[in-house]
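Colleague: Hey, got a minute to walk me through this one?

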Amino acid sequence: MPQRFRIIVHGRLSERFATRFVGLDREGGGRDTVLVGDFRDPTQLEELLGRIADCGLVVAHVEEVRRP
């Protein structure tokens, strides 16, 4: 069963960067951007974090979203 994660990235993502994160829900809030999505395994999450770093963005926080 996939795990759901919320990743908070410092700054607001432009539309240009948003295309790198297709399949994730994107929420803007204040100065940060929140990406939320389901991941089948830890490798998939690590790949996303690598793409974020490749864009020069800074991850502020990663948390698992518990399902009821």
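Modeller: Sure, we'll go from the overall fold to a pair of rings and then to one arginine. Keep in mind that this is a predicted model.

Colleague: Okay, how many helices and strands does the chain have?

Modeller: There are two helices and four strands. Going along the sequence, you meet them in the pattern β-α-β-β-α-β.

Colleague: And how compact is the chain?

Modeller: Its radius of gyration is 11 Å, and the globule rule gives 11 Å for 68 residues, so the chain is as compact as a globular protein of that length. If you want dimensions, the C-alpha trace spans about 30 × 25 × 20 Å along its principal axes.

Colleague: What share of the residues is buried?

Modeller: Of the 68 residues, 29% count as buried. As for the surface, the chain exposes about 4,700 Å², and 49% of that comes from carbon and sulfur atoms.

Colleague: What about charges, how many positive and negative side chains are there?

Modeller: You get 11 positive and 11 negative ones, and the centres of the two sets lie 4 Å apart.

Colleague: Switching topic: how many aromatic pairs turn up in the whole structure?

Modeller: The search finds one. The partners are F5 and F39, with ring centres 6.0 Å apart and planes at 70°; angles over 60 degrees count as edge-to-face, so that is what this pair is.

Colleague: Where in the chain do F5 and F39 sit?

Modeller: F5 is in strand β1, which covers residues 3–10, while F39 is in strand β3, residues 32–39. They are 34 residues apart, so the pair links distant parts of the chain.

Colleague: Are those two buried or exposed?

Modeller: Buried means under 20% relative accessible area. F5 comes in at 13%, so it counts as buried, and F39 is buried too, at 5%.

Colleague: Now the arginine. Which strand is R6 in, and is R6 buried, exposed or partly exposed?

Modeller: R6 is found in strand β1. Its relative accessible area is 28%, which makes R6 partly exposed.

Colleague: Which residues is R6 in contact with, leaving aside its neighbours within four places in sequence?

Modeller: That list is V34, L35, V36, H61, V62, E63 and V65. G56 isn't on that list; R6 and G56 are 50 residues apart in sequence, and their C-alpha atoms are 19 Å apart in space.

Colleague: And in the whole chain, what share of the contacts comes from residues 24 or more positions apart?

Modeller: Counting contacts with a separation of 6 or more, such residues account for 63%.

Terms used
Residues numbered from 1 in each chain as written. Predicted model: local features only at pLDDT ≥ 70, side-chain atom pairs only at ≥ 80, totals over all residues. Heavy atoms only, no water. Rg over C-alpha atoms; globule rule 2.2 N^0.38 Å. Buried < 20%, exposed > 50% of the residue type's maximum accessible area, 1.4 Å probe, protein only. Contact = heavy atoms within 4.5 Å. Areas by Shrake-Rupley, 256 points an atom, 1.4 Å probe, with all protein chains shown as cover. Lys, Arg positive; Asp, Glu negative; His and termini not counted. Charge placed at Lys NZ, Arg CZ, Asp CG, Glu CD. Phe/Tyr/Trp six-rings, centres within 6.5 Å; stacked < 30°, edge-to-face > 60°.
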